[in-house]
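Me: I'm learning how to back up statements about a protein model. Could you go through one with me?

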Amino acid sequence: MTLTKKPESRPAPASWGLAAGEHPWEYAPAPEATDHIRIEPEYGLFIGNEFRPSKPRKTFTVINPATEEPLARVAHASKADVNRAVGAAHEAHRTVWSKLPGRERAKYLYRIARIMQERSREFAVVESMNSGKPIKESRDVDVPLAAAHFFYYAGWADKLEYAFPNRDPRSLGVAAQVIPWNFPLLMLAWKIAPALAAGNTVVLKPASTTPLTAYLFADVVRQADLPPGVVNIITGPGEIGMELVTHPDVSKVAFTGSTAVGKMIARAVAGSGKKVTLELGGKAANIVFDDAPLDQAIEGIVNGIYFNQGEVCCAGSRLFVQESVYEPLLDKLKARLGTLRVGDPLDKNTDVGAINSAGQLAKVQELVESGIEEGAEIFQPDCELPTRGFFFRPTLFTGVSQSHRIAQEEIFGPVLSVLTFRTPEEAIEKANNTPYGLSAGVWTEKGSRIFKMVNAMRAGVVWANTFNRFDPTSPFGGYKESGYGREGGIHGLGAYLDLSGNGTNGR
Ligand code: NDP
């Protein structure tokens, strides 16, 4: 018989008598290594599988928003460059890509997905350096989901007839894709994967602040031996995006960004016969009933609004709490905010990184000031911010009324407006009182209540007892000023196909 010695009992450390929200210890720095990352000093436009300077040769600087240091210079495309890129895509569609059997296109997509997985660390580090998002998010969310989109749509490439029976699905031609800076690689994958699976070729314009993972993806395109011209990537200001989407040889337009630019694009291409998908802003309601598991709801609220610094179109920026649980929930939420770590995006312990640009930070600050001026009460944890870079404290407002700007306008930052309700009907009415309709969340243990709320809320996606969950198989898109069309799933595939049965679109 073996006798084990009982451990000696030790006095509990003084730090165990902690108040809610206090850290038992300070986190040591856990920086992600960057020495394996190669960012070129300059990137040309990616046209026909070659990096080429713009004509005339012109560049602009891309910076790291967490340090304000320059990262690289990228080509500033001209109208002539848009013509070159669309020309290359048009030719590749006509001569190669539209003629390949679906199973051959699928092989390329699988290859891209696997290379992205192999190079995932590189993608995650570059994404965090360029966008300001925490490495744990780029590593665990953006990059795996981007690869998953390529895997998912690779699976559809040879099954278009089964996806849309009796509709003679055909590719459209050249897709013009303009994407934003909040999920640079993921938005690229949402756009390029279904387009290629459906047999189209693409010209993609990333946001001017975040082109680096798109150019890293261009390298993957070459590594995967994709035929030249199937994927083209050009950088330049908004006007270049407009040149691209209005180009006569473009058959499909996919845009993600602000509602203002989405409306301009819709007007510019109206009547042109181009198929259009617009994924625009949002002001989601996250609704917590008094029977919800509060601790889980707190995590969902935090994930809903502080994930990616709140720079998320479907962010749960309006929290509606049933009055009977308002006080305990608010106490827990404030304590939880005190534990969020704000700072270096490349530190693996960071929860909230840098805002993407000085301009976006100014927009967040202006809206927060409007909240104070209009009489709402601000709460921010007492955390230190780095001295350089575009950082903003996680913020919540109480005493918010529905007419306040912070309850109406998309802030696109780590700012939560807390409101209350008494009955489900009141919650529905308040939740739908917005020009947007992209997403919503509901927290309750009653299944019947979930179904009632989901049916009554005018939002493209409604999460129940969770928030900000994404999957390539699931369609995503909005109502009202949040845009139209769906991305993801079979719906996202249909958006890149001529399903009229007469094949008139493919040029
Ligand atoms: P924009 O809509 O201006 O930018 C999104 C993309 O559109 C970028 O690639 C941009 O290029 C391009 N673009 C800009 N102007 C035009 C144009 N006239 N024609 C065609 N393309 C154009 O958004 P912002 O970056 O200015 O952000 C402003 C606000 O928009 C944010 O605060 C947020 O509220 C919302 N937004 C919503 C997003 C969403 O996911 N739904 C994403 C990003 C922003 P460039 O970068 O060169 O200007």
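Reply: Happily; here are some questions and answers about this model.

This is a predicted model, where local features need pLDDT of at least 70, side-chain atom pairs count only at pLDDT 80 or more, and totals for chains, interfaces and linings use all residues. Residues are numbered from 1 along each chain as its sequence is written, and side-chain values use heavy atoms, leaving out hydrogens and water.

Me: Why does Asn-356 count as buried?

Reply: Its relative accessibility is 3%, and buried means under 20% relative accessible area, with exposed over 50% and partly exposed in between (1.4 Å probe, protein chains only). Therefore Asn-356 counts as buried.

Me: What makes Asn-356 and Ser-131 a polar contact?

Reply: A polar atom of the Asn-356 side chain lies 3.2 Å from the backbone oxygen of Ser-131. A polar contact is a pair of N or O atoms within 3.5 Å; within protein, one must be able to donate a hydrogen and the other to accept it, and residues adjacent in sequence count only if both atoms are side-chain atoms.

Me: What is the distance from Lys-363 to the ligand?

Reply: A polar side-chain atom of Lys-363 lies 2.7 Å from a ligand oxygen atom, which is within the 3.5 Å cut-off. For Gln-360, the side-chain N or O atom is 2.9 Å from a ligand oxygen, and for Lys-205 a polar side-chain atom is 3.0 Å from one.
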